[in-house]
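Biologist: I would like to learn how to read a protein model step by step. Could you take me through one, starting with a small site and then moving on to how the larger pieces are arranged?

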Amino acid sequence: MTGARMIGFGRRAKYGLIETDRDDVMIFHLGMSGRWRIDPSEIGTHDHLILETDEGRVLALCDPRRFGSVDLVRHEALADFPAFRALGPEPLGDDFTAGYLARAIAGRAAPIKALLLDQRIVAGLGNIYVCEALNMAGIEPARAGGKIAKARLARLVDAIREVLTSAISAGGSTLRDYARPDGELGYFSKQWRVYGREGETCSCGTVILRRPEGGRSTFFCPKCQR
Ligand SMILES: [Zn+2]
């Protein structure tokens with residue numbers, strides 16, 4: 001990056017993209033709790049990459065858990081980047097429709113939740129948003145994806161867009177130690193419908209359940225979601 005000018009910023013799935021004037025693209029992933037810090041007062045042991053601009057501004061990529069990544073690839077090779085090669089459409093893009101989703105999961109016996117978390121089917125959806133969207137669409141997360149009627153998939157696509165759009169406008173979500181680059185807390189304080197609410201009551205009065213699955217959990221309402 002030495003001597004390069006940053007000329008554009010973008011995103012694909014859960015990766016951030018920084019375009020340079022040398023036809024390189026820096027691809028970064030923040031992992032679980034990585035973040036960029038702008039002009040940090042001091043550089044810490046968790047700042048694994050530091051960029052300095054001509055104006056003396058400092059960007060530090062702080063990643064305490066080291067689940068993140070940084071790559072520099074040629075612009076023309078972007079589509080061949082391993083994580084991008086088989087990615088499905090962006091959930092907020094025009095290609096992600098009920099028709100597309102129906103074709104993508106036709107005949108699949110896997111739970112709809114697992115299918116939505118599969119980045120080859122739709123890019124960039126994480127556990128929180130999938131739990132919330134399935135609740136909003138009234139779909140039981142364990143239901144076989146290929147058996148869900150298209151009208152319900154249409155509701156699901158709308159729910160995914162709504163959940164993501166409202167999270168973005170609220171400033172993001174994820175873990176409690178999330179912070180914006182300027183150091184202000186940006187934690188999405190919105191009350192989730194089901195996520196993290198095991199034992200509390202759904203708006204229908206039924207107790208929200210949690211189903212553990214390996215490292216993550218599914219939260220759902222057994223009455224609203226069929
Ligand atoms: Zn309910």
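**Reading a metal site and two helix contacts**

Modeller: Let us begin with the metal: the zinc ion is coordinated by the SG atoms of Cys202, Cys204, Cys221 and Cys224, at 2.2 to 2.3 Å. Please keep in mind that this is a predicted model.

Biologist: What is the geometry of the site of the zinc ion?

Modeller: One looks at the angles among the donor atoms, and four donors count as tetrahedral if all angles lie between 85 and 135 degrees. Here the angles among the four donor atoms run from 105 to 114 degrees, and the site of the zinc ion is tetrahedral.

Biologist: Which spacing do the donors of the zinc ion follow along the chain?

Modeller: The spacing of these donors is C-x1-C-x16-C-x2-C. Cys204 belongs to the loop between helix 5 and strand 8 (209-213), while Cys221 belongs to the segment after strand 9 (216-220), so this pair ties together parts that are 17 residues apart in sequence.

Biologist: Now to the whole chain: how many helices and strands are there in the protein?

Modeller: The protein has five helices and nine strands, and when these are read along the sequence they give the pattern β-β-β-β-β-β-β-α-α-α-α-α-β-β. For the overall dimensions, the C-alpha trace spans about 60 × 40 × 30 Å along its principal axes.

Biologist: How should I read a pair of helices, and at what angle do the axes of helix 4 and helix 5 cross?

Modeller: It helps to take the axes, then the handedness, then the residues that meet. The axes of helix 4 (residues 127-137) and helix 5 (residues 150-170) come within 8 Å and cross at roughly 130 degrees, and the two helices are therefore oblique to each other. The crossing in which helix 4 passes helix 5 is right-handed. Among the residues that meet are Tyr129, Leu134 and Met136 in helix 4, and Leu156, Ile160 and Val163 in helix 5. Sorted by class, this contact of helix 4 with helix 5 has 11 nonpolar, no polar and three charged residues.

Biologist: What does the crossing of helix 2 with helix 5 look like?

Modeller: The axes of helix 2 (residues 98-105) and helix 5 come within 8 Å and cross at roughly 115 degrees, and helix 2 passes helix 5 in a right-handed crossing. Helix 2 contributes Ala98, Gly99, Leu101, Ala102 and Ile105 to the contact, and helix 5 contributes Lys150, Leu153, Ala154, Leu156 and Val157. By class, the contact of helix 2 with helix 5 has eight nonpolar, one polar and one charged residues.

How values were computed. Residues are numbered from 1 along each chain as its sequence is written. This is a predicted model: local features need pLDDT of at least 70, side-chain atom pairs count only at pLDDT 80 or more; totals for chains, interfaces and linings use all residues. Side-chain values use heavy atoms; hydrogens and water are left out. Axes are lines fitted to C-alpha atoms, for helices over the stretch in contact, and angles run from 0 to 180 degrees between N-to-C directions. Helices (H or I, at least four residues) and strands (E, at least two) are DSSP runs, numbered from the N terminus. Angles under 35 degrees count as roughly parallel, over 145 as roughly antiparallel, 65 to 115 as roughly perpendicular and the rest as oblique. A crossing is left-handed if the near helix is turned anticlockwise from the far one by less than a right angle, and right-handed if clockwise. Contact means heavy atoms within 4.5 Å. Ala, Val, Leu, Ile, Met, Phe, Trp, Tyr, Cys and Pro count as nonpolar, Asp, Glu, Lys and Arg as charged, and the others, Gly among them, as polar. Donors are N, O and S atoms within 2.8 Å of the metal (3.2 Å for Na, K and Ca); water is not among the atoms, so sites may look incomplete. Four donors count as tetrahedral if all angles lie between 85 and 135 degrees; four count as square planar and six as octahedral if opposite donors are over 155 degrees apart and all others between 65 and 115; anything else is irregular.
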